[in-house]
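Here are two short exercises with worked solutions. Have the model open as you go through them.

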Amino acid sequence: MSDKRPRTIVAGNWKMHKTAADTVAYLERFLVRAPALPAEIEIVIAPPFPSLPAAEVMLRGTRVRLGAQTTHVILGHSERRAHCGETDASVNSKVRTALEQGLTPIVAVGETLEQRKAGRTDERVVAQIRAAFAGVRSDELRRVAIAYEPIWAIGTGENCDPAEADRVMAAIRGVLDGLDATPILYGGSMNAGNVASYMAQPNVNGGLVGGASLDPDGFAALVANAALA
Ligand code: PGA
């Protein structure tokens, strides 16, 4: 079983934050710290589209992977589902295209507060997983990552209880054959202070980090603390 253990990924999801100049200033600082961060953690930084070229130049030859281009691509984030018309079907077609192109899709799923209160959390995320990976072979599932992001926890400072997140993530892992080796990340108000309590859970293989990834020292501290569990 040990060879099947999912790898650990901590990804900074910058969304629309940081110009190319901001990106350069951030990476100049972050890359000084990166070599000392835990080697077993795959670090991904996903800047907004206009800053990708600057980031690509700076990250070339470093241990930090670029998100949204060349290696990883975040798909199905709730903000895109809510504001940009992203549907289960369009997420599925992007997942399949990304796999064809040799990219690593990080597929985000999660429930609203209303769905949680109605006891429909598991039903919702299971449906999102089934839809996202329709037509994807089980051997291809080893090349994807999943982020469980309860929508009510994103950007609110109200993080999901780690044991509850782990319970939902176990349910996600059980949906399809082939997800046993797939990294499943937690996202939603993860920070340097709470990351270790997530990493201590058996089904948590890293984090998809928004607000707490925007400061280079803070993100470096978060990655360092991810290995403390
Ligand atoms: P947050 O965002 O860490 O700011 O809650 C996470 C995400 O939206 O990926």
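A polar contact is a pair of N or O atoms within 3.5 Å. This is a predicted model, in which local features need pLDDT of at least 70, side-chain atom pairs count only at pLDDT 80 or more, and totals for chains, interfaces and linings use all residues. Residues are numbered from 1 along each chain as its sequence is written, and side-chain values use heavy atoms, without hydrogens and water.

**Exercise 1.** Find polar contacts of the ligand with His 77, Gly 210 and Gly 211.

Step 1: the side chain of His 77 places an N or O atom 2.6 Å from a ligand oxygen.
Step 2: turn to the backbone, where an N or O atom of Gly 210 is 2.8 Å from an oxygen atom of the ligand.
Step 3: a polar backbone atom of Gly 211 also lies 2.8 Å from a ligand oxygen.

**Exercise 2.** Which residues of H4 and H6 meet (heavy atoms within 4.5 Å)?

Step 1: on the H4 side, take Asp 88, Val 91, Asn 92 and Val 95.
Step 2: their partners in H6 are Arg 124, Gln 128, Ala 131 and Ala 132.

Notes: Contact = heavy atoms within 4.5 Å. Helix = DSSP H or I, 4+ residues; strand = E, 2+ residues; numbered from the N terminus. Polar contact = N/O pair within 3.5 Å; in protein donor to acceptor, adjacent residues only side chain to side chain.
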